[in-house]
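Here's a quick tour of one protein chain. Grab the 3D view, keep the sequence handy, and follow along.

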Amino acid sequence: MANTIVNSKTYTGSELEKIFFRPILGGESAEELGIRILYNMPMPTVLPVVSTREDILLPVDSINHTWDVEHRTMDHREIQMERVKAENAYSASDYFSTIFETLSNKSDVNLTDLSGTDLETAETELFRKAIADSIRMNLWMGDTKNTKPTAYKSFDGILTKLYKAVGNYDCYYCDSNLTESLETKSITEILDTYINKSSPQLRGLFKEGQVAFFVSPKIYKLYQTYLDEQFGTAIYNDIQNGRKQLMFRGFPIVEVNLQPYIISASIPADFIVFTDRRNIVLAVNTADIPGAEIRMWYNPDEMQNRQRAVFAIGCEILDYNLVGAGMDNDEEPEE
């Protein structure tokens with residue numbers, strides 16, 4: 001059996017959507033990101049901010065100005081989309097071994113005939129996982145101005161946008177003061193600070209059940225250690241069976257694991273972002289982008305199996321007043 005895979009495959013249009021991006025951006029994969037995801041929305045993608053509504057009640061005999069356009073205008077934010085490509089290249093032997101291992105775990109596959117649907121499925125899954133991981137990393141730590149070769153820089157991520165919003169990490173992070181803060185405060189006191197100093201806009205959304213902590217692994221581990229040090233039957237059961245979801249005062253704690261690549265980023269390695277899940281938006285488009293496709297082929301000159309995806313992607317924070325303590329002024333973040 002040859003130690004190479006030479007079939008080629010190109011996905012465009014509906015195949016691109018159904019086979020590659022829908023599985024990444026829907027179901028359990030989307031839930032793991034814990035934020036709002038939009039796929040193939042009309043471009044440019046413009047969304048209203050997540051906020052409580054204004055008072056629309058009026059005395060029945062009053063002069064009604066409810067229909068005025070100016071009165072009913074809502075705040076919107078446009079999601080800036082970047083045209084990007086994802087590329088992978090494997091030596092023929094490495095690629096063959098990876099695909100062969102994936103297929104060998106299935107009982108109904110004929111390993112003497114690596115062709116057809118089974119092979120295509122295995123190749124697709126390999127590239128799909130790589131794209132999903134890259135999207136997740138860029139979503140949080142992407143920085144277009146980072147010149148380090150190992151940096152994620154296809155588009156600005158959430159942590160970079162928060163930094164640009166105020167020029168520092170106050171209101172959003174325990175970053176540079178994290179070590180100092182933990183010397184005098186417990187992890188629960190620090191988390192409490194985010195709740196107690198939330199802006200009125202964010203507090204107004206607490207009852208809707210969408211507000212959560214997005215934290216680095218260190219913060220997640222510190223809180224888990226705190227829980228392990230408590231006593232009682234519930235804690236015993238947690239230690240025995242594990243915890244599916246950490247909560248603090250009713251708010252979910254979502255671990256955002258960016259290790260080890262965050263070391264090369266220009267943002268702090270440890271962070272806490274307290275906001276409404278719907279306030280963080282990831283948008284992906286493959287319908288309105290010229291040349292959007294997925295290709296997988298074998299290059300005989302270099303003896304490599306190559307993969308390439310072309311699509312548009314972007315993320316946005318709809319309202320900076322719904323993050324942490326909110327911004328101290330109404331200025332828009334710098335571009």
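What follows is a short briefing, sorted by topic.

Keep in mind that this is a predicted model. The chain has 335 residues, and 45% of them count as buried. Its secondary structure comes to 11 helices and 12 strands.

**The chain as a whole**

- Of the contacts with a separation of 6 or more, 73% link residues 24 or more positions apart.
- About 18,400 Å² of the chain is exposed, and carbon and sulfur atoms supply 48% of that area.

**A sheet of four strands**

- A bit of background first: strands in a sheet pair through backbone hydrogen bonds, and they can do that either parallel or antiparallel.
- One open sheet here has four strands, and reading across it you get β7-β8-β6-β9. The pairing in this sheet is mixed.
- Which strands sit at the edges? They're β7 (246-248) and β9 (272-276), and each of them pairs on one side only.
- Going from one strand to the next, the twist averages 30°.
- Zoom in on β7 and β8 (residues 251-255): these two pair in the antiparallel sense, over three bridges. M247 has P252 in β8 as its bridge partner.

**Helices that go with the sheet**

- Helix α8 (residues 187-196) lies across β6 (211-215), β7, β8 and β9. Relative to β9, α8 runs at about 35°.
- Helix α10 (residues 217-228) packs on the sheet too, touching β6, β7, β8 and β9. Compare its direction with that of β7 and you get an angle of about 80°.
- How many of the 10 residues of α8 are buried? Seven are, so the helix counts as mostly covered, since buried means under 20% relative accessible area.
- If you want to find those buried residues of α8, look for I187, T188, I190, L191, D192, Y194 and I195.
- Here's a handy rule for looking at any α-helix: with 3.6 residues a turn, residues three or four places apart point the same way.

**A buried aspartate in a loop**

- D143 is in the loop between α5 (116-141) and α6 (158-166).
- Is D143 buried or exposed? It's buried, because its relative accessible area is 9% and the cut-off for buried is under 20%.
- Leaving out residues up to four places away in sequence, D143 touches Y152, K153, F155, D156, T160 and S266.

**Backbone oddities**

- To see what makes the next few spots worth a look, remember that most residues other than glycine have a negative phi, and most peptide bonds are trans.
- The peptide bond from M43 to P44 is cis, with omega near -5°. You'll find P44 in the loop between β2 (36-39) and β3 (45-48).
- That loop between β2 and β3 is also the place of N40. Phi of N40 is positive, near 55°, and N40 isn't a glycine.
- There's another cis peptide bond from Q259 to P260, again with omega near -5°. P260 is in the loop between β8 and β9.
- R249 sits in the loop between β7 and β8. Although R249 isn't a glycine, its phi is positive, at about 50°.
- Why does R249 count as exposed? Because its relative accessibility is 58%, and exposed means over 50%.

Notes. Residues are numbered from 1 along each chain as its sequence is written. This is a predicted model: local features need pLDDT of at least 70, side-chain atom pairs count only at pLDDT 80 or more; totals for chains, interfaces and linings use all residues. Side-chain values use heavy atoms; hydrogens and water are left out. Two strands pair if DSSP finds at least two bridges between them. Axes are lines fitted to C-alpha atoms, for helices over the stretch in contact, and angles run from 0 to 180 degrees between N-to-C directions. Contact means heavy atoms within 4.5 Å. Buried means under 20% relative accessible area, exposed over 50%, partly exposed in between (1.4 Å probe, protein chains only). Accessible areas come from the Shrake-Rupley method with a 1.4 Å probe; for residues, only the protein chains shown count as cover.
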